[in-house]
Amino acid sequence: MILRALLLLLLLTLPARAERVVAGISADNIGITTAFDGSSILIFGAVKRAAPEPDGPLGVIVTLEGPPQKVTVRRKTREMGIWVNSDKMVIDSVPSFYAVASSAPLDRILAPETDAKERISVPVAVEAYAGPLGRSDGRPFAEALLRLRAGSGAYTVSERAVTLAADTLFRADFDLPANLIEGDYTARMYLLREGRVIDQTWAPIKVRRIGLERFTYVLSREQPLAYGLLSLGLAIFAGWAAAAAFRLIRNS
Amino acid sequence: MQIYLPIAEVSVNLFLLLGLGGLVGLLSGLFGVGGGFIITPLLFFIGIPPTVAVATGANQVVASSVSGVLAQFRRKAVDVPMGMVLQAGGILGSGLGILVFNWLTRLGQVDLAVQLAYVVFLGGIGAMMLQESIRALRRANRPGAVRPRDQSRKLVHRLPFKMRFRTSGLYISVIPPFVIGMAVGVLAAVMGVGGGFIMVPAMIYLLGMPTKVVIGTSLFQILIVSAFTTLLHAITNQSVDVMLALLLIVGGVVGAQIGTRLGAKLKAEQLRILLALLVLAVALKLGLDLVLPPSELYSLQTGASR
């Protein structure tokens, strides 16, 4: 009985194993330095086949997800003639960054039920992350989150940004914004046929502040008093130096 | 050339920041104000988070008041005992202000509170200054007019705990300066400003201090209060961005010198009218933002640390 079930499982998974994705990333470490003004990252890969290529178009989707954050969405209403934040919804965990690139328009290569299961497209992925909204009238807040994040470039969809050569090699270029936050990012690659995922893989990308950025940030969090005194010292020195320098200029 | 700010977590153009600092320095050299009331809204505008803008604004005020107060000390135009009394009030007020600020941040109303404070104070002071300087211009044409006396000066003489302030030539109760210092401390913490634009008129009109020691004493008190505010923000919010502050300071130092030269070529009354109009314009802009329907009703606040 168990043997038959296993055999059946093997048979079911066998066609999916006929094509596999092998992938690479141009950099698995991104350092945020003082001069950081965004970065681009190249995710590339190949399709490995054990059998001749099946009929029908091959689809490739590559996603890049940033570390989760707690977000408070606030809504303004008019109170006594002025616009004030009067209502809010706290979402405990949503990706700080989420980019989707695909080899063709998503609705052509990704079936809705696959999307629901694998959580690939932006709204599905973000809402799956956030979990249940916790209030019945939370929908406008969730939509506002998606809209604001899309507007700021944190959530992006670039259909046809994955270039596919001879149905075997693919590459996707992602532009990372200048206001990137540090943390562990994940790149995921999906191979699709007829709207279903036939293979997938993922790779981590670490984004870290380095050098002076790291020093300043760590100091401000771990030694706030020392950091505050340092800021003050620099300001006092700059003020004194300015006064002294200009007195010299005026006297000469 | 972009620069990534470690605490604000945004990347901003280096020259934009130097330019902003320069603009504020220009104003401070031209009008003798700290410029905090301009820089904080401008930082909001270029996308610096409000908590970082307010805390870093306070740090920038430290630098500009140091260079000012040194020059005033050399001229012996600082009333140190008066400064100390204002200070004591200021430190209490700044602690209170930080509590208020953190409470408002949790409520999500910090932007509103800061904007309202700007509209009320800038609007009020701008209107008063404009009225006063127009009257002064008229008076220059019509000599012999009497300046109206302020009623509150009588109250200053009736309160207990009197103290002698030699440099100012005053013998008054310590309560009014203490209260004024406290009010400015609260404002400094909540608005990220030095409060000179409130302190100076209060010292002249409420305490009756001679004008020549007012600027120095005000700068002296602002220096300590904004230093204390910076430190408290750094400890409680971790929101002072030292990189941002340095760039603003460097721009500000250069701007202040240009402003001082430019100011020497203009008449005092004209300068005051210009400053009044500038202050009113900022108040009007912020006021309109509160009243007009915003283009986006929703806003996001991230980070679990705050």
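**Group meeting: a strand pair across two chains**

Okay, let's start right where the two chains meet: strand E5 of chain A, residues 68–79, is joined to E5(B) by five bridges, and the two strands run antiparallel. If you want one spot to find on your screen, look for Val71(A), which stands opposite Thr302(B) in E5(B). One thing to keep in mind throughout: this is a predicted model.

So how confident is the prediction? For the model as a whole, the scores are ipTM 0.73 and pTM 0.71. In chain B the mean pLDDT is 78, with 90% of the residues at 70 or more. That confidence varies along the chain. Of the elements of chain B, helix H4, residues 80–107, has the highest mean pLDDT, at 85, while helix H6, residues 152–158, has the lowest, at 58. As a general caution, where pLDDT is low, the predicted coordinates should not be read in detail.

Back to the contact between the chains. Chain B puts in 44 residues, and chain A puts in 47. Which parts of chain B are doing the touching? The elements giving two or more residues are strands E1 (2–5), E2 (10–13) and E5 (298–302), together with helices H3, H9 (211–236), H10 (242–264) and H11 (268–291) of chain B. And which of those gives the most? That would be H3(B), with eight residues. As for what kind of residues chain B brings to this side, the split is 29 nonpolar, 14 polar and one charged.

Let me stay with H3 for a moment, since you'll keep running into this helix. H3(B) covers residues 50–74, which is 25 residues, and spans 37 Å from first C-alpha to last, close to the 36 Å expected at 1.5 Å a residue. Is H3(B) mostly covered or mostly open? Mostly covered, with 20 of its 25 residues buried. Following the helix comes Lys76(B), which has a positive phi, near 55 degrees. For an example from inside H3, take Thr51(B), whose place is in that helix. Thr51(B) counts as buried because 23 other C-beta atoms lie within 10 Å, and the cut-off is 20 or more. The C-alpha atoms of Thr51(B) and Leu187(B) are separated by 14 Å, and the two residues are 136 apart along the chain.

Zooming out to chain B as a whole: there are eleven helices and five strands. Of the 306 residues in chain B, 52% are buried. Now take the contacts within chain B between residues at least 6 apart in sequence: 80% of those join residues at least 24 apart.

Leu20(B) makes a nice example of that. You'll find Leu20(B) in helix H1, residues 14–31, of chain B. Leu20(B) is buried, with 23 other C-beta atoms within 10 Å. Leaving out residues up to four places away in sequence, Leu20(B) touches Ile39(B), Leu42(B), Leu248(B) and Gly251(B). And look at Gly252(B): 232 residues from Leu20(B) in sequence, but 7.9 Å away in space, C-alpha to C-alpha.

Now for a contrast, go to Arg272(B) in helix H11 of chain B. Why does Arg272(B) count as partly exposed? Because 19 other C-beta atoms lie within 10 Å, and buried takes 20 or more. Setting aside residues up to four places away in sequence, Arg272(B) touches Met129(B) and Ser133(B). Ala256(B) is 16 residues from Arg272(B) in sequence, and their C-alpha atoms are 17 Å apart.

Last stop, chain A. The domain assignment gives domain 1 (19–207) and domain 2 (211–252), and the C-alpha centres of those two domains of chain A lie 41 Å apart.

The strand I'd point you to here is E7(A), residues 98–102. Five of its five residues are buried, so E7(A) is largely enclosed by the rest of the structure. In a regular strand the side chains alternate between the two faces of the sheet. In E7(A), one side has Tyr98(A), Val100(A) and Ser102(A), the other has Ala99(A) and Ala101(A), and both faces are covered.

What does E7(A) pair with? There's strand E4(A), residues 58–65, antiparallel over five bridges, with Ile61(A) partnered to Ser102(A). Then there's strand E8(A), residues 155–159, which runs parallel to E7(A) and is also joined by five bridges. There, Tyr98(A) stands opposite Tyr155(A).

That's my tour, thanks everyone.

Methods. Residues are numbered from 1 along each chain as its sequence is written. Chains are lettered from A and ligands numbered from 1 in the order in which they are written. pLDDT is the predictor's confidence in each residue, from 0 to 100. Helices (H or I, at least four residues) and strands (E, at least two) are DSSP runs, numbered from the N terminus. Domain bounds come from an automatic or database domain assignment. The expected span of a helix is 1.5 Å times one less than its number of residues. A residue is buried if 20 or more other C-beta atoms lie within 10 Å of its own, exposed if 12 or fewer, and partly exposed in between; C-beta atoms are placed from the backbone. Two residues are in contact if their C-beta atoms, placed from the backbone, lie within 7 Å. Ala, Val, Leu, Ile, Met, Phe, Trp, Tyr, Cys and Pro count as nonpolar, Asp, Glu, Lys and Arg as charged, and the others, Gly among them, as polar. Two strands pair if DSSP finds at least two bridges between them.
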